[in-house]
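Please open the structure in your viewer and keep the selection tool at hand. The tour below goes from one selection to the next and says what is found at each stop.

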Amino acid sequence: MRCEFIAALAFSVLPLVSAQLTWDEAYQKAESALGGLSLSDKVGIVTGIGWQNGACVGNTSPVNSIGYPSLCLQDGPLGIRFASSITAFTPSVQAASTWDRELIRQRAQFHAEEARGLGVHVLLAPVAGALGKIPEGGRNWEGFSPDPYLTGVAVADTIGAMQAVGVQATIKHYVGNEQELNRETMSSNIDEKTMHELYLWPYYDSVHAGAAAAMCSYNKLDNTWACENDQIMNKILKEEIGFRGYIMTDWNAQHSTVEAANAGLDMSMPGTDFEGGSVYWGPALVEAVNGGQVPEDRVTDMAKRILAAWYKMKQDQGYPDTNLDRDVQGNHAQNVRACARDGIVLLRNQGDILPLKNASSIAVVGSGAVKGDHANNVCVDKGCNDGALGMGWGSGSVEYPYFVAPYDAIKEFVPGEVTLSESDDPSQGASAASGKDVALVFITADSGEGYITVEDNVGDRKNLDPWHGGNNLVKAVAEANENVVVVVHSTGPIIMSEILALPSVKAVVWAGLPSQESGNALVDILWGAANPSGKLVYTIAKSADDYNAGVVQGDDDFDEGVLIDYRHFDSANIEPEFAFGFGLSYTNFTYADLSVDSSAASGPIAGSIVSGGPEDFFDEVATITAAITNSGKVAGAEVAQLYLSYPESAADQPPKTLRGFAKLPLTAGESGTATFNLRKRDLAVWNVEGKQWVIPSGSFGVGVGASSRDIRLEGTIEVS
């Protein structure tokens with residue numbers, strides 16, 4: 001099972017950096033280096049040299065006198081964009097669906113090893129925004145989950161693993177970039193409580209993990225551009241959260257010279273707009289300093305932050321030169337297969353039709369089962385949904401080094417008859433499925449970044465239906481065959497009520513976005529070489545109307561507040577189709593022996609500010625344990641989840657909030673202990689009047705279970 005697989009992953013392209021410098025040590029080196037630099041040198045460090053004017057998507061000017069190179073900044077969240085021999089790792093949403101922190105860390109380590117091997121100094125990853133409040137959101141798949149706790153854990157683990165290799169991580173897009181429509185003109189107007197408890201939550205984790213860089217987003221916040229917003233950049237990120245790295249613009253998200261500089265922006269990327277115009281820094285910044293509009297100390301601080309991140313990662317010590325043509329793949333595909341496989345979520349399995357045991361004839365139906373333009377790298381930045389789907393589209397995509405399509409893997413694995421209908425035509429699908437023991441039907445739904453339109457979807461999805469007539473395809477096959485397994489490859493939730501109402505649909509396999517190892521991972525699950533252990537990282541609704549957040553035409557006032565995804569469904573008492581955290585297994589798990597040990601006390605969290613917020617913010621104040629037993633007949637892994645409910649003294653909180661998870665691989669009959677360590681921040685709410693985090697007094701409800709709607713054990717934490 002999983003543990004045996006992980007043990008085999010010892011190979012590494014490059015050794016890990018033995019130790020990073022502390023921020024204090026890095027700042028000391030940066031200050032020393034800055035002593036001999038001119039204003040022009042410092043402005044060169046903070047200003048990109050222009051779009052497509054260097055080896056990478058972002059480049060700065062070198063400073064030869066201190067050995068500082070032209071910095072290479074490169075996309076993206078699942079691989080190295082525009083490189084020729086790299087791994088297409090699974091998208092973050094698939095990695096999160098494993099709920100396996102070891103796999104998430106390993107994915108990030110391998111990703112960074114490839115970046116370092118190519119001489120990339122700064123990875124434009126990971127993604128914490130869009131958080132994913134809108135199910136149709138185009139770039140949700142680049143992030144981890146609409147739950148801020150799960151996203152916070154994943155981004156912190158990712159940053160830690162990347163930077164242990166000596167590559168700078170960039171947390172993005174800061175903040176409130178939740179849709180593609182009008183992303184470069186709209187204002188995200190977010191109240192203070194919602195901002196802190198949802199959208200800023202992963203940024204506290206990121207800064208605590210030592211993130212070198214942050215990227216401000218395209219949108220406005222309360223009608224001020226994010227990249228010239230003093231409240232967001234200076235007061236919150238740098239002062240309140242204690243961020244000591246540097247803030248760069250998203251590409252062409254800068255709108256001013258003086259305002260951006262004085263509001264806390266540190267690096268202009270790529271330095272021009274995409275046509276080579278709109279140069280806000282460079283000579284313009286020098287002129288602003290000489291004219292007294294921007295203090296030179298501010299430019300010195302910009303350069304110091306950038307140099308400190310470079311020194312902190314020890315990139316001044318034998319870092320490889322930039323060359324995006326090296327082959328750096330190593331054995332990293334093993335992690336792709338593991339994340340693709342363990343991120344598969346089994347949603348339905350009537351009559352234990354899966355794993356497939358005795359099917360001697362199989363129909364494989366749908367264009368999503370075979371290689372098309374998407375898998376063959378025909379479309380620029382994956383801007384098409386033709387054939388099997390492994391990732392969304394946009395700047396967060398990469399080229400596949402290869403792609404194992406589901407049909408190809410099935411055909412190679414299955415000794416019996418396999419009939420293919422690679423069309424989405426219902427009549428052809430029905431004909432192929434007729435008389436077969438089992439019919440596997442593949443449906444897809446795609447999304448991406450708004451600069452590309454795919455099948456009339458301008459980044460964001462225009463609805464939550466499966467693409468290419470997926471509902472009708474499944475209906476036709478279900479009329480022709482009584483054993484139908486639906487396989488879904490999608491960037492986010494789809495509405496499946498029509499499909500689930502069909503008696504012949506015995507199983508639904510949510511295969512997500514598996515990237516290059518798609519078919520191999522699916523075969524592992526369908527035929528039982530591995531037991532499905534993935535869990536949903538978002539809620540799948542019965543109707544699109546059940547969601548309370550959607551794409552808006554103008555500005556977005558974020559009226560739903562903290563009640564997004566499962567928090568909304570719980571608060572409004574809406575039954576989901578499949579709950580957040582849900583996932584079936586080929587075995588069963590029982591929960592017992594809840595234990596709660598707490599030293600938590602009420603009151604404000606008011607320590608001195610360090611990286612990640614108040615110095616006691618991450619102090620552990622409670623430990624909760626539960627015994628999990630594999631009560632079935634085969635080995636498997638269970639993701640036990642901890643949810644808290646807040647006392648009555650904390651107003652306007654959701655009915656329950658994820659505050660812990662533990663994945664336990666267990667053999668048949670084996671028991672293990674799920675341990676959840678709660679920190680002060682996990683109990684705290686944002687106090688708007690005091691502008692601080694406060695632990696409320698009263699009785700916290702503790703629920704441990706298999707999903708947000710399947711709580712098996714309950715207890716309390718009393719806080720006075």
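What follows is a walk through a predicted model, with stops at its domains, the interface of the domains, the nonpolar cores and one buried residue.

**The two domains.** Begin by colouring residues 334–572 as domain 1 and residues 589–719 as domain 2, which are the bounds that the domain assignment of the protein gives. Taken over C-alpha atoms, the centres of domain 1 and domain 2 are 32 Å apart. To see where they meet, select the residues in contact, of which eleven belong to domain 1 and 19 belong to domain 2.

**The interface.** With both sides of the contact shown, you are looking at a surface where domain 1 and domain 2 bury about 1100 Å² between them, with 49% of that area on carbon and sulfur atoms. Which residues of domain 1 lose the most area to domain 2? Select Lys 535, Tyr 566 and Asp 570, since these three together account for 49% of what the side of domain 1 buries.

Now turn to the polar side of this interface, across which the rule finds three salt bridges and eight residue pairs in polar contact, with both residues of each pair at pLDDT 80 or more. Helix α19, residues 566–571, is the next selection, as it gives the most to the side of domain 1 that touches domain 2, with five residues. Then show the side chains of Asp 570 and Lys 656, which meet in a salt bridge with 3.2 Å from N to O.

**The nonpolar cores.** Next, select Met 248, Met 496 and Trp 510, the residues with the most contacts inside the largest nonpolar core, which has 199 residues. Helix α12, residues 296–312, supplies the largest share of this core, namely nine residues. Because domain 1 and domain 2 both give residues to this core, it lies between them. A second core, separate from the largest one, has 30 residues, among them Ile 353, Leu 356, Ile 362 and Ile 525.

**A buried threonine.** For the last stop, select strand β4, residues 168–174, and find Thr 170 within it. Is Thr 170 buried or exposed? Thr 170 counts as buried, because its relative accessibility is 0%. Showing its neighbours, with residues up to four places away in sequence left out, brings up contacts that include Val 122, Leu 124, Pro 126, Ala 213 and Met 215. Met 248, which you selected in the largest nonpolar core, also touches Thr 170. Finally, look at the side chain of Thr 170, where a polar atom lies 3.0 Å from the backbone oxygen of Leu 123.

Notes: Residues numbered from 1 in each chain as written. Predicted model: local features only at pLDDT ≥ 70, side-chain atom pairs only at ≥ 80, totals over all residues. Heavy atoms only, no water. Core = buried A, V, L, I, M, F, W, Y, C linked by side-chain atoms within 4.5 Å. Buried < 20%, exposed > 50% of the residue type's maximum accessible area, 1.4 Å probe, protein only. Helix = DSSP H or I, 4+ residues; strand = E, 2+ residues; numbered from the N terminus. Domains from an automatic or database assignment. Contact = heavy atoms within 4.5 Å. Buried area = accessible area lost by both parts, 1.4 Å probe. Salt bridge = Lys/Arg side-chain N within 4 Å of Asp/Glu carboxyl O. Polar contact = N/O pair within 3.5 Å; in protein donor to acceptor, adjacent residues only side chain to side chain.
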